[in-house]
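Hi,

Here is the structure I promised to pass on. Have a look through it first, and then read my notes below.

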Amino acid sequence: MSGKLRLRVNPIACDGHGLCSELFPERVSLDEWGYPIVDGAPIGKELEQHARRAVAECPKLALQLDRRRD
Amino acid sequence: MSVAEGTTRLLAGLRADRQPVSLGSHLRQYGSLELDPRAVIDLVADSGLRGRGGGSFPTATKLLAVREHGRRAIVIANGTEGEPIAGKDKVLLAYLPHLVLDGAVVAARAVRAAEVILAVPAAVRHVVDRALAERRERRIDGRIELRAVTAPDGFVAGEETALVQFLNGGPAVPTFTPPRPFERGVRRLPTLVQNVETLAHLALIARHGAGWFRSAGTADEPGTTLVTLSGAFARSGVYEIPIGYPLAALVADAGGVRNDASAFLVGGYFGTWIPGGAADDVGLSDADLARYEAALGARAIVALKAGSCGVAETARIARYLAGESAAQCGPCVHGLDAVANDLESLVRRDRRVDAHRLEHRLALVAGRGACRHPDGAVRLVASGLRVFDHDVQQHLSGRRCR
């Protein structure tokens, strides 16, 4: 499957637990209220495992990985 | 609510006594609707019609997207009009319901929908019900079923995913996308959500053609549009204008502004402040308003009279918008509240207000909700800080602005 992998948060499901930022600081930082600011830049092979772990461990399943052709 | 008559198309059929136009009168005025369903989308594409609900999205593109998503669809006529300073949709439904209903039927035939649901404000529900009964009696809509529901209250309730969720039995708050309604909406059907004014224009395009529609307005934004005026205009109310109409001319049509306007809010509470002097050189089209980072939006314009404190007005609207958050997304709930707090402190001339932190928060909140509500609030506040910069500086120094 072609296309670039990008991280996206579902802001409705998100409750600001902040695990994502801890597991994947390369792409996720937190605002002053603890909610994720997600960098939507493409995720290369070397970072992919961290992205997948953040997605898997989010307590609210609010994080997702989209693969889109640009 | 006063309504102007002048260069009118939608409002040409208004009765002087402001009673709803009956089906019989409507058909006598406009003739019956004869159209080839397969030709509708091309006709709408040629007309260049764009949505009149706030997004200005090309209608033909929307119709095509729904039609291509399945052999069966459903149409939602959106008359919710959650914007408190807008009244044009209520006017259309209250006085010219058959224009909206015709348009809904045209749209339904174009997207192969057998059902239309009209979400209408409680105040006009009885008018719409009566109009539906007239049509059923005459069986003019063939196999297409139309019914009305009372629209939910709330600023974000008319957002298309919120309305879809409401019609599916849930709360009237936006949902995360995808899927967008055109893919899967009410009862999992591809759903066309269209503002009632857009449908009214569709009703006339189906009768008079694309060339007729394009004979008013601009090349990129053809046709006429309704606008709701409020605030310091001598004659507030709903007006119909060709898109691109000079703001100065509309102000004159409305009897001018008492003591001159220091600023105009264009587009609604999620719109943009523009300076009073803009009336001298701006036309009411998205293209021209873009010079002031504004757009037609919900087509509601408020005139702020000279001598009013723009910072106070902006703070009031910001607090309202914070309260109308669906409260589903952290950045919106916390961000809009924090911004409203900062503005209220600014109004009180509290010198501890951190202007940089306010700017930083505005940049952080936009784009991080499930819907465009925080974006609209940020746009409103940022424009206020820009247009009322003098007042802002006065307040920051602890001085009165006027």
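**Starting from one threonine in chain B**

Leaving aside its neighbours within four places in sequence, B:Thr314 is in contact with B:Trp273, B:Leu343, B:Leu380, B:Val381, B:Gly384 and B:Phe388. Before going on, please keep in mind that this is a predicted model. B:Thr314 itself belongs to helix α12 of chain B, which covers residues 310-323. Is B:Thr314 buried or exposed? It is buried, because its relative accessible area is 2%, and the cut-off for buried is under 20%.

**Two helices side by side**

Two of the residues that B:Thr314 touches, B:Leu343 and B:Val381, turn up again in a helix pair. B:Leu343 is on the α13(B) side of that contact and B:Val381 on the α15(B) side. Helix α13 of chain B runs over residues 330-347 and helix α15 of chain B over residues 373-387; their axes come within 10 Å and cross at roughly 20°. Angles under 35 degrees count as roughly parallel, so that is the label for α13(B) and α15(B). The crossing, as α13(B) passes α15(B), is left-handed.

Which residues make the contact? From α13(B) they are B:Cys332, B:Leu336, B:Val339, B:Leu343 and B:Leu346. From α15(B) come B:His373, B:Pro374, B:Ala377, B:Val381 and B:Leu385. Sorted by class, the contact of α13(B) with α15(B) has 9 nonpolar residues, 1 polar residue and no charged ones.

**The cores**

Now for the nonpolar cores. The largest has 54 residues, and those with the most contacts inside it are B:Leu96, B:Leu99, B:Val111, B:Val116, B:Leu118 and B:Leu146. Helix α5 of chain B (residues 97-111) gives this core its largest share, 10 residues. Apart from this core lies another one, of 38 residues, with B:Ala263, B:Val311, B:Leu358 and B:Ala370 among them.

If you want one residue of the 54-residue core to click on, try B:Val116. Not counting neighbours within four places in sequence, B:Val116 is in contact with B:Val75, B:Ala104, B:Ala108, B:Ile144, B:Glu145, B:Leu146 and B:Arg147.

**A second helix pair**

Helix α5(B) also packs against another helix. Its axis and that of helix α8 of chain B (residues 196-208) come within 7 Å and cross at roughly 75°. The range for roughly perpendicular is 65 to 115 degrees, so α5(B) and α8(B) fall in that group.

On the α5(B) side, the residues that meet α8(B) are B:Leu99, B:Val100, B:Asp102, B:Gly103, B:Ala104, B:Val106 and B:Ala107. On the α8(B) side they are B:Val196, B:Leu199, B:Ala200, B:Leu202, B:Ala203, B:Leu204, B:Ala206 and B:Arg207. The contact of α5(B) with α8(B) divides into 12 nonpolar residues, 1 polar and 2 charged.

**Around B:Leu167**

B:Leu167 is in helix α7 of chain B. Residues up to four places away in sequence aside, B:Leu167 touches B:Ile76, B:Ile117, B:Val149 and B:Val186. The C-alpha atom of B:Leu167 is 9.1 Å from that of B:Ala119, although the two residues are 48 apart along the chain.

**Some backbone details**

Most residues other than glycine have a negative phi, and most peptide bonds are trans. Here are the places I noted with that in mind.

- The peptide bond from B:Thr177 to B:Pro178 is cis, with omega near 5°.
- B:Pro178 and B:Pro179 are also joined by a cis peptide bond, with omega about 5°.
- B:Pro178 sits in the loop between α7 (160-167) and β5 (191-195) of chain B, and B:Pro179 is in the loop between α7 and β5 of chain B.
- B:Glu81 has a positive phi, near 45°. B:Glu81 is in the loop between β2 (73-78) and α4 (88-95) of chain B, and it is buried, with a relative accessible area of 11%.
- B:Arg139 has a positive phi, near 50°. Its place is the loop between α6 (125-138) and β4 (145-150) of chain B, and at 72% relative accessibility B:Arg139 counts as exposed.

**And one glycine in chain A**

A:Gly34 lies in the loop between β2 (28-30) and β3 (36-38) of chain A. With a relative accessibility of 17%, A:Gly34 counts as buried. A:Gly34 and A:Leu19 are 15 residues apart along the chain, and 10 Å separates their C-alpha atoms.

Happy browsing!

Note on methods: Residues numbered from 1 in each chain as written. Chains lettered and ligands numbered in written order. Predicted model: local features only at pLDDT ≥ 70, side-chain atom pairs only at ≥ 80, totals over all residues. Heavy atoms only, no water. Helix = DSSP H or I, 4+ residues; strand = E, 2+ residues; numbered from the N terminus. Buried < 20%, exposed > 50% of the residue type's maximum accessible area, 1.4 Å probe, protein only. Core = buried A, V, L, I, M, F, W, Y, C linked by side-chain atoms within 4.5 Å. Contact = heavy atoms within 4.5 Å. Axes fitted to C-alpha atoms, helices over the stretch in contact; angles between N-to-C directions. Parallel < 35°, antiparallel > 145°, perpendicular 65-115°, else oblique. Left-handed = near helix turned anticlockwise from the far one by under 90°. Nonpolar A, V, L, I, M, F, W, Y, C, P; charged D, E, K, R; others polar.
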